[in-house]
Amino acid sequence: MDQNGMNFMSAAGMPSSCTTFRESQDEGALETIETNKLSMGRLSTMASSIIHGKNKSNKLMNMMDDVELTSKEFSIKPNSRIHVYWDIVSVLAILYYAIDFPIRIAHYARANSLESSYDTSFIIGYLFDLLFIGDMILRSTVYAYTAHLNGKPVVISDRTEIRRRYIQSGKFKIDLFASIPFDVVSPVAGKFHLLFRLPKLIRVIQIPNALSKLQEDLDVCMDVKTNETQKSIVLMLIFSFLLIVWGSSGWNSLRQDESGVLSVYWTITTLSTVGYGDLTPSNFAETCYALFVGAVGAVFTAAVVADVTSFFHDAELSEKNYEHKLKCIKRFMDRHKVSHESAQTVVDYFSYIEEEQDGLDEGILLQHNLPDTLSTNLLVHITHPMVSTNWKLDHYFTIPIYCI
């Protein structure tokens, strides 16, 4: 063993008996020694660089940064706040389509003017059409994204890769169909302009994914944390509102002498399966429509109740999960006659994991649930404050580490 290794052992308080292992000629021992010498050598170099470097407070944090596949072309990074603002505008634009079309159809139907051609009231819709076309261009050219290569995050800003990824996504297919200008046929036909624009409504099925994207971008770009429960509540409110708008618009188009407020009232009572009976169908068309809205309302109400019940059931299971584990481990220790002292140690461990770390065992998470690269990066991030501020490490890592 060289002098540097002995000095490090002495400084660290390690016993010198490891020379016996070092002098072993066993093939496995020699391989282990060489492997660990390389690992400890890299650790020594990294620690020395952190402690004595000019920017030692940022060294380890920089290791956590994404690696970017360089490109000279302009790109919008995955953590840019532009994503959040654009997501909000996109959701609002989809909601505009979903609200405007049924109300406009009801208005035209009551006025017996569904065959009408283009008028200036469609300008807002065309502006949103241009917005979504611009969104398609951005997503296929400058929206960089994060991929994982060998467990390490890599920012892809190459336009060919960006375009390929977007074209292969399901969103592209919906965007492409919704952007087809079917309504250009209307000036030729001279009528039914509104009906030719109905394919735009297919964007409504993008609302769940759009909210998920907004949730992800809020976390990445603004560090705003939201959970699945909050997203589910927002989704439920949006679709409940849209069902009321669509249902009341249809009923209002059939009842020429009924106000919009009464149509909303009838829709809410029918969708909620209450049905007071004060507003009833008066002809075959209204009866068929009432049956359809009632069936949709029954299914939607059942889905909401099931979703809420499932949420509370999962929450109850989550609360009982710790107690169930603890009871099982106690029975196991009783069966094998584990000493009281050892059993109490195990119970204390479970209590620590549950109360101090919210049920998360960091060792299991890092070793078994993440690839080596991500696990190493997280360990570097977690230990960064200790390494960069501990004065003892400044002494230990001034010499190379050779002793294993």
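## Cavity, pocket and loop residues

By class, four nonpolar, two polar and three charged residues line the largest cavity. Here Ala, Val, Leu, Ile, Met, Phe, Trp, Tyr, Cys and Pro count as nonpolar, Asp, Glu, Lys and Arg as charged, and the others, Gly among them, as polar. The model is predicted: local features need pLDDT of at least 70, side-chain atom pairs count only at pLDDT 80 or more, and totals for chains, interfaces and linings use all residues. Residues are numbered from 1 along each chain as its sequence is written, and side-chain values use heavy atoms, with hydrogens and water left out.

**The chain**

The protein chain holds 18 helices and three strands. Both are DSSP runs numbered from the N terminus: helices are H or I with at least four residues, strands E with at least two. The chain has 404 residues, and 31% of them are buried. Buried means under 20% relative accessible area, exposed over 50%, and partly exposed in between (1.4 Å probe, protein chains only). Take the contacts between residues at least 6 apart in sequence: 67% of them join residues at least 24 apart. A contact means heavy atoms within 4.5 Å.

**The cavity**

How many cavities of 30 Å³ or more are there? The count comes to one. A cavity is a set of points on a 1 Å grid over the protein atoms alone where a 1.4 Å probe fits but cannot get out; a pocket is an open set with protein on both sides within 12 Å along at least five of seven lines; lining residues have an atom within 4 Å of a point. Points are joined across faces, edges and corners, and a volume is the space filled by probe spheres set on them.

The largest cavity contains about 50 Å³ of space. Its lining consists of Y96, Y97, D100, F101, R104, S121, F122, G125 and R197. Helix α5 (residues 82-110) gives the most to this lining, with five residues.

**The largest pocket**

The largest pocket contains about 870 Å³ of space. It is lined by 31 residues, and R139, R165, K213, E216 and D217 are the closest to its centre. Elements giving two or more residues to this lining are α5, α6 (123-139), β2 (145-149), α7 (159-168), α8 (170-179) and α11 (207-222). Of these, α11 gives the most, with six residues. By class, the pocket lining has 12 nonpolar, eight polar and 11 charged residues.

**Two helices**

Helix α5 has 29 residues, which should span 42 Å at 1.5 Å a residue; its end C-alpha atoms are 42 Å apart, in agreement. The expected span is 1.5 Å times one less than the number of residues. N112 follows α5 and has a positive phi, near 55°.

Helix α12 (residues 228-254) has 27 residues. From its first C-alpha to its last, α12 reaches 39 Å, close to the 39 Å expected. N227 caps the N-terminal end of α12, with a side-chain oxygen 3.2 Å from the backbone nitrogen of T229.

**Loop residues**

Most residues other than glycine have a negative phi. D223 has a positive phi, near 55°. K337 also has a positive phi, near 55°. The table gives the accessibility of these residues and of others in loops.

| Residue | Loop | Relative accessible area | State |
|---|---|---|---|
| S113 | α5 to α6 | 23% | partly exposed |
| S121 | α5 to α6 | 32% | partly exposed |
| D223 | α11 to α12 | 55% | exposed |
| E258 | α12 to α13 (260-271) | 8% | buried |
| K337 | α14 (284-335) to α15 (340-355) | 75% | exposed |

S121 is one of the cavity-lining residues. Not counting residues up to four places away in sequence, S121 touches R104 and Y108. S121 and R104 are 17 residues apart in sequence, with their C-alpha atoms 10.0 Å apart. For S113 and F192, 79 residues apart along the chain, the C-alpha separation is 8.8 Å.

Which residues does E258 contact, leaving aside neighbours within four places in sequence? They are R110, W251, N252, S263 and L279. The side chains of E258 and W251 are joined by a polar contact of 2.6 Å. A polar contact is a pair of N or O atoms within 3.5 Å; within protein, one must be able to donate a hydrogen and the other to accept it, and residues adjacent in sequence count only if both atoms are side-chain atoms.
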